[in-house]
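Colleague: I am new to this structure and would like to go through it slowly, asking for the reasoning behind each label. Could we take it step by step?

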Amino acid sequence: MTVPFVRPDVARFLQFLNALPGPKVHEVGAVAGRKMSSAMRGVADLDTGPLATLRDLTMPGPAGGEIALRLFDAREIREPGPVMVFFHGGGWVLGDLDSYEPTCAEIARVLDLPVVSVAYRLAPEHPWPAGPDDAEAAARWVATAPEALGLSPTSLVLAGDSAGGNLAIVTAMALRDAPAAVPVIAQWALYPAADMTTHYPSYADFGAGYFLTEESMRWFGESYAPDVTDWRASPMAGSLAGLPSALVTTAGLDPIRDQGRAYAAALAQAGVPVSFREAVGNIHGFINLRKAIPSAQTDFADSLALLGTIVAQAQVAA
C-alpha cells in the first residue's frame, strides 16, 4: 500500500488518541467500554445546538420491555411528511442516544426533517439478531404514526453509521419484503458494515492506528455473534434489488471502507439509484468527531446536502 493521505487535523487527532495511556475500549468490557466511549463526546464532538423539539419517547420492544427513542425536530409543529429513523454506531456494543445527540440534531436542522434516534438493544447482553429485530420494530412503529410520536409520517428515511449503517440497510431490506404502514423512500449508510463474509484490503491497510482497529472489530464481532451468512447480519448476502434510493458515505482511512464501496457498487449493479461520497483522508466515526476534526463538518455537510436532494426527488417520485 502506498502511504495514504491523512488530513492535518486528522493526523493531530490520531496522534493524540494513539498516545493516550491506559487500556483501550475493547480491553475493559462492554459496560466500562460504553462509559469510555460516551466520555469522548465532550472532547471530540460539537454541542447539540438549538432545536425546537428534543423529546424522549418509548415504544414496546419486540422481545418485551421497551425501546428508548429520542425525537429531534427543528420545528415545534410539523406538517405530514418524511421522518428519518436513525440507528447509531458502536459495533452493536457501544453507542447511545446521548452520544449521537449532536449528530441527530444537526441532521434535523439541516434537512428540516424530524429524526427519531433508536436505542436498540446492545450486545453482548443482547446478541444478534436483537439489533435488527429492534431496528425493524422501531421503523414500523414510527410508520404507524403513533400518538406518542406526535407526527404524521408519509414516508421513512432510514439512516445510520457503522453498525447503525448495517441496521439501516437490513431494515430497508426487511421493509422492502414486508412493507410498513408508509414506504421507505431513501437510505443513508455511513461507513456501513455491509459485508462480513469478504476480507477486503482496507481491513489490513487501516486496521491499526486509524481509530477503529482490528482488535476492536474482533471484539465487536465476538460480542454481537452474528450468523454472517444471513442477510440480517451481512446484508450483501441477500438480494439488493428493489431497495430505496441510497446515499453511501465512506471514510478513506477506514478499515471497513471497502465494505461501503462494495455496497454502493452492488446497489448500482442491482439497479438501485445510488450516490457515493468518500471523505478522503478522514477516519471511521467522523460524524461524531467534528470538534476534534473540524474538516469532518464539511464532509458531514456535503453528505447532508446530497441526501436532501435524494429525499426531495424521492418524494416527487413517490
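Modeller: What follows is a set of questions about how labels are given, and it should be kept in mind throughout that this is a predicted model.

Colleague: Why is the contact between Arg70 and Asp98 called a salt bridge?

Modeller: The closest N and O atoms of Arg70 and Asp98 are 2.7 Å apart, and the label asks for a side-chain nitrogen of Lys or Arg within 4 Å of a carboxyl oxygen of Asp or Glu, so the pair qualifies. Arg70 lies in strand S2 (residues 66-73), whereas Asp98 is in the loop between strand S3 (81-87) and helix H3 (101-111), so the salt bridge ties together parts that are 28 residues apart in sequence.

Colleague: How do you know whether Arg70 and Asp98 are buried or exposed?

Modeller: Arg70 has 9% relative accessibility, and because buried means under 20%, Arg70 counts as buried. Asp98, with a relative accessible area of 43%, is partly exposed, because that label covers what falls between under 20% and over 50%.

Colleague: Which salt bridge joins Arg70 to helix H3, and what does the pair tie together?

Modeller: The side chains of Arg70 and Glu101 meet in a salt bridge at 2.8 Å, N to O. Since Arg70 lies in strand S2 and Glu101 in helix H3, the pair ties together parts that are 31 residues apart in sequence. Glu101, at 11% relative accessibility, counts as buried. Arg70, Asp98 and Glu101 also belong to a network of salt bridges that includes Arg41 and Asp56.

Colleague: What makes Glu136 and Arg232 a salt bridge?

Modeller: Their closest N and O atoms are 3.9 Å apart, and the cut-off is within 4 Å, so the pair is counted. Glu136 lies in helix H4 (residues 130-143) and Arg232 in the loop between helix H7 (214-224) and strand S7 (245-251), so parts that are 96 residues apart in sequence are tied together. Both Glu136 and Arg232 are buried. A search of the whole structure finds 20 salt bridges.

Colleague: Why is Leu20 called partly exposed, and where is Leu20 found?

Modeller: Leu20 is found in the loop between helix H1 (8-18) and helix H2 (30-44). Its relative accessibility is 37%, and because this value falls between under 20% and over 50%, Leu20 counts as partly exposed. Together with Phe16 and Val43, Leu20 forms a nonpolar patch on the surface, with about 270 Å² of accessible area together.

Colleague: Which residues have the most contacts inside the largest nonpolar core?

Modeller: They are Leu69, Phe87, Leu156 and Tyr263, in a core of 59 residues. Helix H5 (residues 163-177) supplies the largest share of this core, eight residues. Apart from it lies another core, of 42 residues, among them Ile107, Leu113, Ala186 and Leu253. In soluble globular proteins, nonpolar side chains tend to be buried together.

Colleague: How do you know whether Ala193 is buried or exposed, and what does Ala193 touch?

Modeller: Ala193 lies in the loop between strand S6 (184-190) and helix H6 (201-205). Its relative accessible area is 9%, and because buried means under 20%, Ala193 is called buried. Not counting residues up to four places away in sequence, Ala193 touches Trp92, Ser162, Asn166, Pro235, Ile256 and Gln259.

Technical notes: Residues numbered from 1 in each chain as written. Predicted model: local features only at pLDDT ≥ 70, side-chain atom pairs only at ≥ 80, totals over all residues. Heavy atoms only, no water. Patch = residues over 30% accessible without salt bridge, like charges linked within 9 Å, V, L, I, M, F, W, Y side chains within 5 Å. Areas by Shrake-Rupley, 256 points an atom, 1.4 Å probe, with all protein chains shown as cover. Helix = DSSP H or I, 4+ residues; strand = E, 2+ residues; numbered from the N terminus. Buried < 20%, exposed > 50% of the residue type's maximum accessible area, 1.4 Å probe, protein only. Core = buried A, V, L, I, M, F, W, Y, C linked by side-chain atoms within 4.5 Å. Contact = heavy atoms within 4.5 Å.
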